[in-house]
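Please open the model in your viewer and keep the sequence panel beside it. The tour below suggests what to select at each stop and says what is found there.

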Amino acid sequence: MPLKHVANREAKVVAHNLRHPDDLVAADHDLVPAAVFTQPQIASVGATEQDCRDRGLDYVVGLAGYGDVAYGWAMEDTTGFCKVLAEPGTGRLLGAHLMGAEASTLIQPLVLAATLGIDATTLAESPYWIHPALTEVVENALLDLGL
């Protein structure tokens, strides 16, 4: 059943709350990714810049265009981009937003890092990023944070 994994976290919360009505727990929805399967695709996770401003958060922005990496250049993509928001000093990822080909897939390393608490510098500099691959747009946006 393909939806089993999607609902796993929420099912655990519901199951716990049904078994323990005097000890309710809440599901954390701060890092729920979303994608719109239009042409181009749009994907996001976490806070937007407006969210950061509304919460009074200090943040930095990293931005990279698809056309700035070899694969995007070969696709002749002049509109696709990746934007990441991070906390200065710690590099904690606050949000990420992509628009372009395969945005729904490219967001996943950012979802994983934000969920597991991997800071932007570690994500950008520790693993090898395949070249030439479209994932380099994510790497470049992380590096653009200037942390």
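Begin with strand β5, which gives the largest share of the lining of the largest cavity, 4 residues. Helices (H or I, at least four residues) and strands (E, at least two) are DSSP runs, numbered from the N terminus. A cavity here is a set of points, on a 1 Å grid over the protein atoms alone, where a 1.4 Å probe fits but cannot get out; a pocket is an open set with protein on both sides within 12 Å along at least five of seven lines; and lining residues have an atom within 4 Å of a point.

Before going further, note that this is a predicted model in which local features need pLDDT of at least 70 and side-chain atom pairs count only at pLDDT 80 or more, while totals for chains, interfaces and linings use all residues. Residues are numbered from 1 along each chain as its sequence is written, and side-chain values use heavy atoms, with hydrogens and water left out.

**The cavity**

Select Leu31, Val45, Gly46, Leu93, Leu94, Gly95, Ala96, Leu110 and Ala114, which line the largest cavity. The elements that contribute two or more residues to this lining are β2, β5 and α5. The volume of the largest cavity is about 40 Å³, where a volume is the space filled by probe spheres set on the grid points, joined across faces, edges and corners. The structure holds 1 cavity of 30 Å³ or more. By class, its lining has 7 nonpolar, 2 polar and no charged residues; Ala, Val, Leu, Ile, Met, Phe, Trp, Tyr, Cys and Pro count as nonpolar, Asp, Glu, Lys and Arg as charged, and the others, Gly among them, as polar.

**One lining residue**

Now centre the view on Ala114, which is found in helix α5. Is Ala114 buried or exposed? Ala114 is buried, with a relative accessible area of 17%, because buried means under 20% relative accessible area, exposed over 50% and partly exposed in between (1.4 Å probe, protein chains only). Leaving aside residues up to four places away in sequence, Ala114 touches Leu31 and Leu93, contact meaning heavy atoms within 4.5 Å. If you draw a distance between the C-alpha atoms of Ala114 and Val45, which are 69 residues apart along the chain, the separation is 8.8 Å.

**The sheet**

Next, colour the strands, of which 5 form an open sheet in the order β1-β2-β5-β4-β3, with antiparallel pairing. The edge strands are β1 (34-36) and β3 (60-65), each of which pairs on one side only. Two strands pair if DSSP finds at least two bridges between them. From one strand to the next the twist averages 10°, with axes being lines fitted to C-alpha atoms, for helices over the stretch in contact, and angles running from 0 to 180 degrees between N-to-C directions.

At one edge, β1 is joined by 3 bridges to β2 (residues 41-46), and Val36 stands opposite Ile42 in β2. At the other edge, 6 bridges join β3 to β4, where Val60 stands opposite Ala86. Stay on Ala86, whose bridge partner in β5 is Leu93; β4 and β5 pair over 6 bridges. The hairpin of these two strands has 6 residues between them, and there Gly89 takes a positive phi near 90°.

**Helices across the sheet**

Select helix α5 (residues 108-116), which lies across β2, β4 (81-86) and β5 (93-100) and runs at about 170° to β5. Then select helix α7 (residues 136-143), which lies across β3, β4 and β5 and runs at about 145° to β3.

**The pockets**

Turn to the largest pocket, with a volume of about 350 Å³. Of the 13 residues that line this pocket, Arg9, Leu31, Val32, Pro33 and Val111 lie nearest its centre. Helix α5 gives the most to this lining, with 5 residues.

Finally, select Asp30, Leu31, Arg92, Leu93 and Leu94, which lie nearest the centre of the second largest pocket among its 14 lining residues. About 230 Å³ of space lies in this second pocket, and α2 (49-55), β5 and α5 each supply at least two residues of its lining.
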